[in-house]
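Work through the exercises below with the sequence and the model side by side, and try each task before reading its solution.

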Amino acid sequence: MRNDDVPLCVDMDGTLVLGDLGVESVLALVRRNPLYLFALPFWLLRGLASFKREVARRVVLDVARMPCDERVVEWLRGQGRRPRVLCTASDASLANAFAAHVGLFDTVIASDGVTNLSGSRKAAALVARYGEHGFDYAGNAHADIAVWAHARQAIVVNAPAGVLRAAQAQGRVDRVFARVGGAW
């Protein structure tokens, strides 16, 4: 399979964005009205995907102000014509807004209010869409180890040492972007 034919799937929080849009959303919600602190636990009882959707329905983040890892942005720009997929556990409304702002992605796959697209659920969604080892995946977190296990190649971005070692143990690491500090 030629590189131009293999979808490049990229995580958002901690990988492309130096921070976490979900955390930023919760902070913005509580800043706007501290009484939401009492609603948050009840939303969480319905599951993480539902929690993220409830928060996202009430907050509009200025995604243009979110700090990106410019190394990754430049690398994505140089990936030729290969399909680029933003694949994140963040709520779809945040992911779509961010993807539109960045302008580098052909497709967005994200949490939908029912399914929290993280770890093995993200891996299953990508395998269902692109096949086993039919995509490359850029991620940064422990949950991404499950996705790298099914990817053709792993791109490790801003990962802690233990996550990097786990990815390397799978034997398919194509590129490593050394860890930089987050910017909340």
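Buried means under 20% relative accessible area, exposed over 50% and partly exposed in between, with a 1.4 Å probe and protein chains only. Residues are numbered from 1 along each chain as its sequence is written. This is a predicted model, in which local features need pLDDT of at least 70, side-chain atom pairs count only at pLDDT 80 or more, and totals for chains, interfaces and linings use all residues, while side-chain values use heavy atoms and leave out hydrogens and water.

**Exercise 1.** Determine whether Cys9 is buried or exposed, and state how many disulfides the structure holds.

*Solution.* Begin with Cys9, whose relative accessible area is 0%, so it counts as buried. Next, apply the criterion that a disulfide is a pair of cysteine sulfur atoms within 2.5 Å; the structure holds zero disulfides. Cys9 is in none, since the nearest cysteine sulfur, in Cys87, is 5.9 Å away.

**Exercise 2.** Explain why Cys68 forms no bond with Cys87.

*Solution.* The closest cysteine sulfur to that of Cys68 is in Cys87, and because 17 Å lies between them, they are too far apart for a bond. As to its surroundings, Cys68 has 16% relative accessibility and is therefore buried.

**Exercise 3.** Describe how much of the protein chain is buried, and list its secondary structure.

*Solution.* Of the 184 residues, 48% count as buried. Taking helices (H or I, at least four residues) and strands (E, at least two) as DSSP runs numbered from the N terminus, the protein chain has eight helices and six strands. Their order along the sequence is β-α-α-α-α-β-α-β-α-β-α-β-α-β.
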